[in-house]
Amino acid sequence: MEFLMILYDTPGVLDKKMHKLDSMMMKNVRIAALNADCVLVLVDACKVPEKWYEKFTDVDEVIPVSAKYGHGVDDVKDWILSKLLTGPPYYPMDIVSEHPERFFVAEIVREKIFMQYRNEVPYVCQVNVVNYKTRTTAKDFIQVEIVVEKESRKIILIGKGGKALKILATAARLDVEDFLQKKVFLEVEVKVKENWRQDEGLLRYYGYGGQIRAL
């Protein structure tokens, strides 16, 4: 059976909105849910469900899944397929994503921030690819900026003598090269922009207004 499945990965649901960023992300969640043929709500079975989950009283099916071991993945796929409507494809069948390559570069760097710093720091970071040059006679040049709100966060990200940032950049570069299937020169820098999570104009520029922007 041939099919085209479009997956829209939204931010997690927040009960308490503390910044303009939170409000804009939750608006994106609501719009995505209204336009979707079906909605998957991911809940950690190892934790007590959050309060917002109590609102989902009309659940079609509960599917136990272990992404680590691959259990239940086919069940999720089959459930989604049962909800898809018959119609012409929205995209060519060979299209994997509508996002540009630089989007995935930023996501890889963001992932490394979460893996390396774990706790509070990752949640106040914005990752932007500010320069991406394809070069025929040398490695592709990619310049990434990590935006934080306070100088203290910048110091943590960089680490003593720049060691922490170097570890981050190296780990990100290896994954970027694996994704792009070619060698790259990845430059990562940290910048401070106070209260960026409250700046609506800046948030829209970063792509939180519901549209993808290739910075």
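These legends go with several close-up views of a predicted model.

**View 1. Lys-182 meets Asp-140 in a salt bridge.** Here the closest N and O atoms of Lys-182 and Asp-140 sit 2.6 Å apart. The two residues come from distant parts of the chain, with their positions 42 residues apart in the count. Lys-182 belongs to the loop between helix H5 (163–180) and strand S3 (184–192), while Asp-140 is in strand S2 (residues 140–148). How much of each partner is accessible? Lys-182 is partly exposed, at a relative accessible area of 33%, but Asp-140 has just 3% and counts as buried, because the cut-off for buried is under 20%.

**View 2. Arg-197 and Glu-149 form a salt bridge between two loops.** Their closest N and O atoms are 2.8 Å apart. Arg-197 lies in the loop between S3 and helix H6 (200–205). Glu-149 lies in the loop between S2 and helix H4 (151–158). This is another link between distant parts of the chain, 48 residues apart. Both Arg-197 and Glu-149 are buried.

**View 3. Arg-173 and Glu-177 pair up within helix H5.** These two are 4 residues apart, about one turn of the helix, and the closest N and O atoms of their salt bridge are 3.3 Å apart. Arg-173 is partly exposed at 26% relative accessibility, whereas Glu-177 is buried at 8%.

**View 4. Lys-20, Glu-200 and Arg-204 share a network of salt bridges.** Here three residues are linked rather than just a pair. Looking at the whole structure, how many salt bridges does it hold? The count is 11.

**View 5. Strands S1 and S2 run side by side in the antiparallel sense.** S1 covers residues 126–133 and pairs with S2 over 7 bridges. A hairpin of 6 residues takes the chain from S1 to S2. To pick out one bridge, find Lys-133 and look for its partner in S2, Phe-141.

**View 6. Ile-146 sits among many neighbours in the largest nonpolar core.** This core has 27 residues, and Ile-146 is one of those with the most contacts inside it, along with Ile-113, Ile-142, Val-144 and Leu-157. Which elements give two or more residues to this core? They are H3, S1, S2, H5 and S3, and the largest share, 7 residues, comes from H5. Leaving aside residues up to four places away in sequence, Ile-146 touches a list of residues that includes Val-109, Ile-113, Leu-157, Leu-168, Val-188 and Val-190. Not every neighbour is nonpolar: Gln-126, Glu-189 and Lys-191 are also among the residues touched by Ile-146.

**View 7. A second core stands apart from the largest one.** This separate core has 11 residues, including Val-147, Trp-196, Tyr-206 and Tyr-208.

**View 8. Four residues make a nonpolar patch on the surface.** Ile-6, Tyr-90, Tyr-91 and Ile-95 make up this patch of about 450 Å². Tyr-90 is found in the loop between helix H2 (73–83) and helix H3 (101–117). Is Tyr-90 buried or exposed? With a relative accessible area of 71%, Tyr-90 is exposed, because exposed means over 50%.

Methods
Residues are numbered from 1 along each chain as its sequence is written. This is a predicted model: local features need pLDDT of at least 70, side-chain atom pairs count only at pLDDT 80 or more; totals for chains, interfaces and linings use all residues. Side-chain values use heavy atoms; hydrogens and water are left out. A salt bridge is a side-chain nitrogen of Lys or Arg within 4 Å of a carboxyl oxygen of Asp or Glu. Buried means under 20% relative accessible area, exposed over 50%, partly exposed in between (1.4 Å probe, protein chains only). Two strands pair if DSSP finds at least two bridges between them. Patches are made of residues with over 30% relative accessible area and no salt bridge: like charges are joined within 9 Å, nonpolar side chains (Val, Leu, Ile, Met, Phe, Trp, Tyr) within 5 Å. Accessible areas come from the Shrake-Rupley method with a 1.4 Å probe; for residues, only the protein chains shown count as cover. A nonpolar core is a set of buried Ala, Val, Leu, Ile, Met, Phe, Trp, Tyr and Cys residues joined through side-chain atoms within 4.5 Å. Contact means heavy atoms within 4.5 Å.
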